[in-house]
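Me: Please take a close look at one part of this chain, the part around a charged pair, and then set it against the rest of the model.

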Amino acid sequence: TAAVVTRRSASDRFSLTSRLCVSQRMEGMLSGFQSDLSSISSEIQTLQQQSVSMNVRLKNRQAVRSHLSQLVDELVVPGAMISTILDSPVTEQEFLEQLHELNTKINFAKELSFRETLACSDIQDIVDRLKLKAVSKIREFILQKIYSFRKPMTNYQIPQNTLLKYRFFYQFLLANERTVAKEIRDEYVDTMSKIYYSYFKSYSGRLLKVQYEEVADKDDLMGVEDTAKKDILHGFFSKPSLKSRNTIFTLGQRGAILSPAELEGPILVPHTAQRGDSRYPYETLFRSQHYALLDNGCREYLFLSDFFMVAGNSALDLFNSIMGKTLSMFLKSMSTYVSDCYDSIAVFLCIHIILRFRAITAKRNIPALDKYWEAVLELLWPRFELILEMNISSIRNTDPQKLGVLDTRPHYITRRYAEFSSAIVSINQTFPNERTNALLGQLQIEVENFVLKMAAEFPSRRDQLIFLINNYDMMLSVLMERAADDSKEVEGFQQLLLARTQEFIEEILSPPFGGMIAFVKEAEALMEKGQLDRLKNDEARITQLVRGFSSTWKQSVEAMSQDVMRSFTNFKNGTSIIQGALTQLIQYYHGFHKVLNQPTFRSLAVRSELINLHHLMVEVKKHKPNF
């Protein structure tokens with residue numbers, strides 16, 4: 001038993017020892033594994049750091065390569081560029097493309113030189129020589145185009161359009177050779193200034209040859225005696241004058257110049273007009289001259305802005321350096337004409353031509369001619385006002401006794417006024433001007449006073465009224481053809497005509513029916529006061545009035561109608577007056593009936609002899625003139 005115990009204990013000790021050995025070996029192995037894992041971790045970190053570092057270096061190298069590649073590409077001057085700039089004509093598309101590339105390389109070389117890049121010196125010489133060659137070829141090309149403008153009968157718009165196709169040429173010169181750019185600009189300005197001046201001077205001179213020979217002078221005023229009568233008195237020794245002074249104050253077809261079709265129509269060709277012996281009023285020549293100026297001026301301003309790359313005040317200054325001499329010539333010529341012009345309608349039409357041309361340039365957004373338009377208006381407005389004031393004074397100072405035989409028909413001075421006023425009012429409606437309206441108001445007052453002075457020369461009130469009505473009606477008819485119905489002039493003469501017509505109706509009713517009219521007015525006044533009984537003893541008077549009217553009214557109405565139609569030049573106006581008189585007569589007779597129906601007169605036997613009012617109205621209608 002003891003032996004067995006001893007063997008077991010020995011076996012246990014051996015087993016324990018073995019286990020310890022295994023545990024130690026395992027511990028050693030695990031320690032080795034831990035050490036290996038630690039070293040692997042550090043190696044992984046090292047590899048990660050190396051990877052990041054390599055990635056950064058790669059990106060840096062790629063960035064450097066990109067910059068260097070771009071730099072090399074920009075620095076390299078291809079052989080194709082050299083051969084094209086040296087040998088190709090400037091008009092070829094390839095030359096224009098290579099010029100763009102050359103301009104880019106020039107700008108790049110300038111940028112590198114600022115950075116003091118050494119590689120820049122390698123290409124600077126080649127780039128400079130190519131630039132000089134390009135500048136030389138471009139300068140020669142543009143100057144040839146400019147010189148071609150100077151050839152006689154050349155349409156300079158064609159070479160201008162060619163230059164616009166190569167506007168980059170001037171941009172290249174401006175960026176790289178300013179002296180040459182200035183030379184070209186100065187040459188263009190000098191050439192075009194002379195061309196425009198020569199063209200417009202010649203054109204204006206030839207236009208004047210087709211102007212009407214007969215023009216208004218200082219004696220052709222509204223209040224002056226008719227020239228036709230003067231010519232008869234003075235015979236062939238009198239000063240040549242207009243065939244009819246009335247034409248100076250008549251618009252006629254002259255106003256058509258302001259219609260869009262004629263305002264922007266083709267300009268006059270003087271030699272064609274001369275061959276056809278055509279003659280034109282001044283405003284037609286003025287329109288043609290200034291439309292040519294507007295057309296050429298707008299085109300030139302757009303060309304300058306586009307080709308020379310200018311805007312604002314710079315564009316205006318360049319435009320004025322070209323067109324200034326021409327515009328000064330226009331203003332001087334116009335000043336000379338205006339100082340001796342007495343055709344107020346021509347001046348007023350010229351004013352409105354300029355107002356419309358100014359609106360056209362504003363719509364096109366071209367300010368080049370704005371100052372010129374203002375200068376022209378500053379010449380024309382004072383002259384128009386002066387001529388209008390001279391006409392106002394001529395009417396104010398007119399002596400009716402020196403105007404020949406009295407006549408109840410419309411006077412030639414009032415006809416002049418009517419034609420003139422309707423012309424100015426119709427034109428002024430499109431671009432209203434308060435100063436013009438004020439002057440027309442003064443003129444109307446003087447004409448109204450003149451008509452009253454002339455009427456006062458007639459001995460009878462009847463003739464005075466006929467004269468006033470004829471003149472008011474004529475002026476109103478002429479005004480309403482052109483002026484608006486609500487214009488101040490139309491309304492004024494409508495009121496005057498109505499007042500004088502009512503007075504004339506009373507005047508012509510008085511001789512045949514005055515007794516009845518006076519009785520009706522007297523009776524109606526007493527009726528309002530309740531004193532009609534004061535007339536109850538007038539039976540004899542009433543009887544005479546009733547029987548007198550019944551027996552003579554038809555003959556009186558017929559005579560009155562014929563007299564009215566003979567007295568008034570306007571058939572429509574005469575008819576209106578007759579209708580008004582007959583209507584007034586019926587109203588008076590109706591009032592006569594009404595008075596006799598009052599209790600005071602109901603017992604009068606003569607009441608049975610009164611004409612039935614309805615029957616009277618039917619009979620009166622037979623005497624109304626029919627159109």
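Reply: This is a predicted model. The place to begin is Asp-306, which is partly exposed because its relative accessible area is 31%. Asp-306 makes a salt bridge with Arg-167, and their closest N and O atoms are 2.9 Å apart. Asp-306 belongs to helix H11 and Arg-167 to helix H6 (residues 167–176), so this bridge ties together parts that are 139 residues apart in sequence. Arg-167 has 36% relative accessibility and therefore also counts as partly exposed.

Helix H11 holds another charged pair. Asp-295 and Arg-299 are both in helix H11, four residues apart, or about one turn of the helix. They form a salt bridge whose closest N and O atoms are 3.4 Å apart. Asp-295 has a relative accessible area of 29%, so Asp-295 is partly exposed. Arg-299 is partly exposed as well, because its relative accessible area is 29%.

After helix H11 comes a loop. Met-309 sits in the loop between helix H11 (282–307) and helix H12 (312–339). Met-309 is not a glycine, yet its phi is positive, at about 55°. With 37% relative accessibility, Met-309 counts as partly exposed. A positive phi in a residue other than glycine also appears at Asn-365, where the value is near 60°. Asn-365 is in the loop between helix H13 (344–363) and helix H14 (370–396). Asn-365 counts as exposed because its relative accessibility is 65%, and the cut-off for that class is over 50%.

Salt bridges elsewhere in the chain complete the charged picture. The structure holds 24 of them. One of these joins Arg-409 to Asp-407, with the closest N and O atoms 2.6 Å apart. Asp-407 is partly exposed, at 30% relative accessibility. Arg-462, Asp-463, Asp-563 and Arg-566 are linked in a salt-bridge network.

Next, the aromatic residues. There are 38 aromatic pairs in the structure. In one of them, Tyr-196 and Phe-200, the ring centres are 6.5 Å apart and the planes lie at 25°, so the pair is stacked. Both residues lie in helix H7 (residues 178–208), four residues apart, which is about one turn of the helix. Tyr-196 and Phe-200 are both buried. Tyr-372 and Trp-373 make a tilted pair, with 5.6 Å from centre to centre and 55° between the planes. Tyr-372 is buried because its relative accessibility is 4%, and Trp-373 is buried at 0%. Ring pairs join both of these pairs into one cluster, which also includes Tyr-199, Tyr-203, Tyr-291, Phe-330 and Phe-357.

The nonpolar interior can be read in a similar way. The largest nonpolar core has 169 residues, and Ile-142, Phe-169, Met-516 and Phe-592 have the most contacts inside it. Helix H18 (residues 488–529) contributes the most to this core, with 14 residues. Phe-169 contacts Val-90, Phe-95, Leu-96, Leu-99, Ile-138, Phe-141 and Ile-142, when neighbours within four places in sequence are left aside. A second, separate core has six residues, among them Tyr-203, Leu-207, Leu-268 and Ala-273. Tyr-203 is thus named both in this second core and in the aromatic cluster.

Another buried site is Thr-436 in helix H16 (residues 434–455). Thr-436 has a relative accessible area of 1%, so Thr-436 is buried. Apart from residues up to four places away in sequence, Thr-436 touches Phe-348, Trp-381, Phe-384, Ile-424 and Asn-428.

The surface has a nonpolar patch of about 480 Å², made by Val-22, Met-26, Met-29, Leu-30 and Phe-33. Of these, Met-26 lies in helix H1 (residues 2–75). Met-26 counts as partly exposed because its relative accessibility is 41%.

Finally, the chain as a whole. The chain has 21 helices and zero strands. Of its 627 residues, 43% count as buried. The exposed area is about 34,100 Å², of which carbon and sulfur atoms supply 53%. Among contacts between residues at least 6 apart in sequence, 78% join residues at least 24 apart. The bridge from Asp-306 to Arg-167, with its 139 residues of separation, is one link between parts of the chain set apart in sequence.

Definitions and conventions:
Residues are numbered from 1 along each chain as its sequence is written. This is a predicted model: local features need pLDDT of at least 70, side-chain atom pairs count only at pLDDT 80 or more; totals for chains, interfaces and linings use all residues. Side-chain values use heavy atoms; hydrogens and water are left out. Patches are made of residues with over 30% relative accessible area and no salt bridge: like charges are joined within 9 Å, nonpolar side chains (Val, Leu, Ile, Met, Phe, Trp, Tyr) within 5 Å. Accessible areas come from the Shrake-Rupley method with a 1.4 Å probe; for residues, only the protein chains shown count as cover. A salt bridge is a side-chain nitrogen of Lys or Arg within 4 Å of a carboxyl oxygen of Asp or Glu. Helices (H or I, at least four residues) and strands (E, at least two) are DSSP runs, numbered from the N terminus. Buried means under 20% relative accessible area, exposed over 50%, partly exposed in between (1.4 Å probe, protein chains only). Contact means heavy atoms within 4.5 Å. A nonpolar core is a set of buried Ala, Val, Leu, Ile, Met, Phe, Trp, Tyr and Cys residues joined through side-chain atoms within 4.5 Å. Rings of Phe, Tyr and Trp (its six-membered ring) pair if their centres lie within 6.5 Å; planes under 30 degrees apart count as stacked, over 60 as edge-to-face and the rest as tilted.
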